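Trainee: Could you take one part of this model and examine it closely, together with what surrounds it? I should like the terms explained as they arise.

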Amino acid sequence: MPFDKDPDLHRDTLAVRAAVPRTPYGENSEALFLTSGYVQPSAEAAARRFAGDEDGYTYGRYGNPTVSSFEQRLAALEGAEACISTASGMSAILMMCMGLLQSGDHVICSHSMFGSTIKLIGSDLAKFGVQSSFVSQTDVSAWAAAVKPNTKLLFAETPTNPLTDVCDIRALADIAHNAGALLAVDNCFATPALQRPMALGADIVMHSGTKYLDGQGRVMAGALCASQEMVTKTFLPVLKSGGMTLAPFNAWVVLKGLETLEIRMQAQSARALALAQWLQVHPGVARVHYPGLSSHPQHELAMAQQSNCGGAVLSFEVKASDADQARQRAFHVLDSLKTLSLSTNLGDTKTLCAHPASTSHGRLTEAQRQIAGVSQGLIRVAVGLEHITDIQTDLDRGLSSL
Ligand SMILES: Cc1ncc(COP(=O)(O)O)c(C=O)c1O
């Protein structure tokens, strides 16, 4: 029985074992297949494979064994029937929307989602007639009130980037299903190590593999986990014609990243909690956003949904009298860093600090930023594996000299 189908195996085991079968060479570490084409056993077999009537790899844009290993392992961790991977997290969202939506359909998202997601769904897809409503992340009744007869998809990101707002996955799944729509969850921040949206009713789990799944900031990757039918009938045709294929090398890197996901998430989240507690009482800090703090507005929901863990990302606002001073002070804190990285990625073992208002959310209008709560004094910290004292010392350098 393949590892990912064995009901007796635990997630820790699947994280290091789920993959396509070994080759006859018996490699212990999963093989990296760098090939763009496959030799077919016969013309008849090739015809059957291209028609989808027989299993077998045909062409690199359609599939690759290393890519399949990554997909099987991620599906096993998410508790999903199947997974399909893409070149980046954003192309996973594009594949999801191209597969599920057509002109005249309506999507509901939260207005505190990742900036590029807001741009893609709110602006780029609007050009093709897809309608969208952006509602409060945390107000379940606002999601319900936004439902229209043509609503096909609710898309939630929890916790959000960068404010770590948490939404109630089970409640949103009920709203979606009562409306005949689907719920998709961007599980990039919590990862399956902490949160498994499908067990809470979600139909699709979306990932930026660029983040914690890789875990060491090396490659771009994305994925959608869903039912086998949805993957085969709805998303695979988009991949075949759209070509947002995950490169085998990147798939191999992320596949190996999944092996340490659980222990990285636990260790990085422990440091994030300690840092959040320290920032909360720092005189230079106005506010800390971290679901692991009891002061977080959705703390209890986050603990229930995220395996009692706040995750490894927090954000905080520097104290300032107005927006100009706040931006200048946030820049001062970031420019004073010597150990940590000033970088917009997240999910790395190195701690990464960023100014969302001028980077990840820089393409939004000031009005969109304000409604999303992304202020000029906000700094996001994706906590890595450095010693907590060194992380605090590096942030304190700028914070204590404001
Ligand atoms: C929550 C979230 N979703 C999606 C993405 C997009 O992923 P990618 O950069 O791999 O396209 C990001 C990237 O920062 C993100 O933070």
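Mentor: A residue is called buried when its relative accessible area is under 20%, exposed when it is over 50%, and partly exposed in between, with a 1.4 Å probe and protein chains only. The model is predicted, so local features need pLDDT of at least 70 and side-chain atom pairs count only at pLDDT 80 or more, whereas totals for chains, interfaces and linings use all residues. Residues are numbered from 1 along each chain as its sequence is written, and side-chain values use heavy atoms, with hydrogens and water left out.

The part I have chosen is helix α11. Helices (H or I, at least four residues) and strands (E, at least two) are DSSP runs numbered from the N terminus. Helix α11 comprises 20 residues, 261-280. From first C-alpha to last it reaches 28 Å, close to the 28 Å expected at 1.5 Å a residue; the expected span is 1.5 Å times one less than the number of residues.

The buried residues of α11 are L261, R264, M265, Q268, S269, A272, L275, A276 and L279. Because they cover an arc of only 130 degrees around the axis, they lie on the same side of α11; the arc is taken over the directions from the helix axis to the C-beta atoms.

What do these buried residues of α11 pack against? Their partners are the helices α8 (191-194), α10 (248-258) and α15 (388-399), together with the strands β8 (285-289), β9 (313-318) and β12 (378-382). Contact here means heavy atoms within 4.5 Å.

One residue of this neighbourhood merits attention. F316 is found in strand β9 and, at 0% relative accessibility, counts as buried. Neighbours within four places in sequence aside, F316 is in contact with L279 of the helix, and also with V285, R287, V288, G377, L378, I379, V381, L395 and L399. By contrast, F316 and Y57 are 48 Å apart in space, C-alpha to C-alpha, and 259 residues apart in sequence.

For the wider setting, the model also holds an open sheet of seven strands with mixed pairing, in the order β1-β7-β6-β5-β4-β2-β3. Two strands pair if DSSP finds at least two bridges between them. Strands β1 (82-86) and β3 (131-135) stand at the edges with a single partner strand each, so one side of each lacks a neighbour in the sheet.
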